[in-house]
Amino acid sequence: MSATNSASSRALRFTLFPRLSGAAVVGILIAILLMAFLVLPVAQVIYVAFLDARSGTLTLQNFQDFFNTTLFQQSFINSFYVSAMSVVVATIIALPLAYITTRFNFAGTALIQSLGFIPLIMPPFVGAVAMSLLFGRNGTVNLLLNQYFGFRIPFMEGLNGVILVQSIHYFPFILINLSAALRNIDRSMEEAAQNLGASGLRLFRRIVFPLAMPGYLAGAALVFIKVFDDLGTPLLLNVNTMLAPQAYLRITGVGINDPMGYVISFILVAFSVFSLWASFLFMRGKDYATTQKGGGGLSKRQLSRREKILAYLVIFLILALVLSPHFGLVLLAFGTIWSFSPLPDGFTLQHFQTVFTESTQYIYNTLLYAGSAAVLDVLIGSAIAYIVIRTGLPGRKWLDYMATAALAVPGVVLGIGYLRMFHGIQLPFGMGPMASWWGIIIIALMIRRLPYALRSCMAALQQLSLALEEAAENLGASKSRTIRRIVVPLMAGGILAGFVTSFATAAVELSATIMLVSRASEAPLAYGIYLYMQSPAGRGAGAALGILAVVIVALGTYLSHRIIERERDRTVIPASGQ
Amino acid sequence: MTQTAYRENNMKRETAGIRIEDLYLSFGRTKVLAGIDMEIEPGEFFAFLGPSGSGKSTLLRAIAGFGPRPKGRILIGDREVVDLPPWKRNVGMVFQSYALWPHMSVRDNVAFGLQERRLPKREIDTKVEAALELVGLLDLAERMPSQLSGGQQQRVALARTIAIEPQVLLLDEPLSNLDAALRVQMRRELLSLQRKLQLTTIFVTHDQEEANTTADRMAVLDGGVIQQVGPPQELYDHPANAFVAGFLGTANILDGQLQEDAFLTKGGHRLPITRALPEAKRIVLRPQNIALTDQPAEGLIRGRIRHREFLGSQIRYLVETADGTIIVDRLHEPDGLDYPAGSDVSLRVDSRNAPLLP
């Protein structure tokens, strides 16, 4: 901390006065941008939630109405129930995977850990329909169960479906955090307990579990809020009595002035902020990373033969469940008719043909929107990173805070905010109202993904020793030439990784875009999938589009992973100068 | 009987000796321990001394039950423990990193082992307080480990281990994370605590000074093999081999052969000896047992000073001779004799008690 302070105060002395203009102008422009497209729209949504629509005075009446309406009460309870249950189910999926792979010598640990991440590369709403075909009342599993055992399990009935799809999609957050927490426990922590007489379950309960708890809770809080905010999955599963779908339906159905949409938005934001804050607190206040030099994790035990068979069985079942949306999606995309039968009747490339003949605009739009948003994200992200880390501009940290705050704003809320704020603004040259202009989709995606790009850029710049820049300046390079010749080339890897992450996640974003798309011709992939999936006849094509989306995200994830790894090898900066 | 004395008495327990027979251990294909045999007496303060990679920590961990299962026998008292899990061995171990659990207070850390033993709460409280009082930390009982200094953490780790009244106490480089001054102080405290409790203690260290000052006896290990066992002074005076001679203090080891009542070095010098070891091939000359003079004489080793180091209490000379470089330490006195580098000198060796090696 003090090192950063002294570095920045040095930068302050040397750069603030002669070079104020450049950095300050950029900083102010970014601040205006973030105010206009993040802070004000959200603030307005919250304001309207407390506004009496007729008299224009502040009131709590809207909240009273909300909680007096049975539908909203039910939605609130359902959202809460689905989120909590998703955390439970995600934990049931993640816990064995994390525990077995970190605690035992187990062939295939690396495979399991990477297979565990696969759900993240598929947007949950894409798998939702495939899941109903596999696990629904007349899906593959229940048809077989009914045929051979004479009963069905209501996996996908109502809220169950949302819980199953969401927990399969989001359990990696718990897996990642829990595995890291387990790996961070020093072996001597466990050995000391054994030495003092503890073993087995008691050892787990008293030492391992409490030490891994903060990591687990941080992951669980993330899962909770992601599920709480999600719009696409419940919509596609036709579950409307939840908060996010209700907000969407009120705004698109009843109208932009209906206060209920805003009340729901306020609740979503409040829960998001609370969960993120809680997750932050878990990680910070009780950082139990206990590994010491040469330590390196809990000691791994050899499994006996019987335990090994059991472990493989458990893992196989979990992975089969986790990968089922992908299987289902592939079957759906390549299948002909799939109804009341365990598998499709036949296989065909027809759906891909359909997609490529009539729906290329979705792909084109996605590349355009997500690509532009990601370019803007890395430009703004690296500018903010540079201003925060390398200059002494007053209030520079607020740029970081503002941009990062986008994490706590659900897509639905941002969408509603844009509709409210920009519906009255007419664009010049006959482009119509700003709220229905396709450019606003790019801006929404940009704001939503900025935190990801910003983290990448920050990390890239932080690794860059100040001495490298000072050396350039010492040899006669001006500030701007130093940035161009030294800073940007060395940050390139981090910037690229940020671009790819932003692009891949923006490409499958649905919750904000669904509110802002005004014409099918201007819709991106995710919206196209949503449209196709509405009718049983369109499912095949929807799944084909879904596979394209998965491929885009998978490629993106893989690329950013590779870039980050390569950069780590390339730009190892010696500790001197720190 | 005072309260404290009563508590100390209360903490004593049947202490036990340790016998290790023909112990082999490997990590995969790497042999780490190769045929360890030794016996540690009840109540003894014993040190495992050796360079890193010598197997000393592995041996200690094997006694506590950590690491791969060794081949051979380990007896604590007359109980065979090789097949017992760590939690059934009743050996107390203090970890190099202390391994205090960060989510438990000092009191909870110390109480842990007693709770595992399902003692009644009253008894646990008494024993926790006795252990904390013994290490002088009773007033910090409610603190969390992260609020303690390194020395205090070390004491908590010790209290936590002693509280379970183990049959033997194992210390894995317990002082290595402390600064130099605190290390000397903790070393003395450890020793006096051990004397008070009369608890069989094994202390692993790579620092010969730590071992010399605390241990009743020690085992010098290298390459997974015990090189020699004995009281520190005996090992210094009578090293069994070149490794022990060189590891304990500084040693000049000269090659040569026995000739009647003298050792004839390869360089042609004749060093009189009083003891004879048949088949002796090498002689160990300690730097402080060699005197320097600038007057050449019959029977002295001639040489030239290549390098001179001022060490404070001593001056160390590296002297080039026909037998290679010989290190000579002379006490430093103000206005005492001193020779600059490059001087031609003669060495007078007190070789009568010098150890001989095969």
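Reader: What makes B:Gly223 stand out in the hairpin of β9(B) and β10(B)?

Author: In this predicted model, B:Gly223 takes a positive phi near 60°. The hairpin in which B:Gly223 sits has two residues between its strands.

Reader: How do you know that β9(B) and β10(B) are paired, and in which sense do they run?

Author: Pairing requires at least two bridges between the strands. Strand β9 of chain B, residues 217-222, is joined to β10(B) by five bridges, so the requirement is met. The two strands run antiparallel. B:Val220 has B:Gln228 of β10(B) as its bridge partner, and B:Leu221 is bridged to B:Ile226 in β10(B).

Reader: What makes β3 of chain B a partner of β9(B), and is the sense parallel or antiparallel?

Author: Four bridges link β3, residues 45-49 of chain B, to β9(B). Since at least two bridges are needed, β3(B) and β9(B) count as paired. Their sense is parallel, and one of the bridges has B:Phe48 facing B:Ala219 in β9(B).

Reader: Why is the pairing in the sheet that holds β3, β9 and β10 of chain B called mixed?

Author: Strands of a sheet may pair either parallel or antiparallel. Here β3(B) and β9(B) are parallel, while β9(B) and β10(B) are antiparallel. The sheet is open, has six strands in the order β6-β7-β8-β3-β9-β10 of chain B, and its pairing is mixed.

Reader: Why do β6 and β10 of chain B count as edges?

Author: β6 (91-94) and β10 (225-230) of chain B have a single partner strand each, so one side of each lacks a neighbour in the sheet. From one strand to the next, the twist averages 20°. Helix α5 of chain B, residues 150-163, packs on this sheet and touches β6 and β7 (168-172) of chain B. The direction of α5(B) makes about 175° with that of β6(B).

Reader: What makes β13 and β20 of chain B the edge strands of their sheet?

Author: That sheet is open and antiparallel, with five strands in the order β13-β12-β11-β14-β20 of chain B. β13 (270-272) and β20 (356-357) of chain B each pair on one side only. Within the sheet, β11 (residues 252-259) and β14 (residues 282-285) of chain B pair in the antiparallel sense over four bridges, and B:Ile253 stands opposite B:Val284 in β14(B).

Reader: Why is α3(A) called oblique to α13(A)?

Author: The axes of α3 (residues 70-103) and α13 (residues 305-334) of chain A come within 10 Å and cross at roughly 135°. That angle makes α3(A) oblique to α13(A), because roughly antiparallel is reserved for angles over 145 degrees and roughly perpendicular for 65 to 115. The crossing is left-handed.

Reader: What makes up the contact of α3(A) with α13(A), by class?

Author: A:Ile93, A:Pro96, A:Leu97 and A:Ile100 of α3(A) meet A:Ala311, A:Val314, A:Ile315, A:Ile318 and A:Val322 of α13(A). The contact has nine nonpolar, no polar and no charged residues, because Ala, Val, Leu, Ile and Pro count among the nonpolar types.

Reader: How many residues of chain B are in contact with chain A, and which element of chain B gives the most?

Author: Contact involves 18 residues of chain B and 20 residues of chain A. On the side of chain B, β6 and α3 (106-116) are the elements that give two or more residues. α3(B) gives the most, with three residues. By class, this side has 12 nonpolar, four polar and two charged residues.

Methods
Residues numbered from 1 in each chain as written. Chains lettered and ligands numbered in written order. Predicted model: local features only at pLDDT ≥ 70, side-chain atom pairs only at ≥ 80, totals over all residues. Axes fitted to C-alpha atoms, helices over the stretch in contact; angles between N-to-C directions. Contact = placed C-beta atoms within 7 Å. Parallel < 35°, antiparallel > 145°, perpendicular 65-115°, else oblique. Left-handed = near helix turned anticlockwise from the far one by under 90°.
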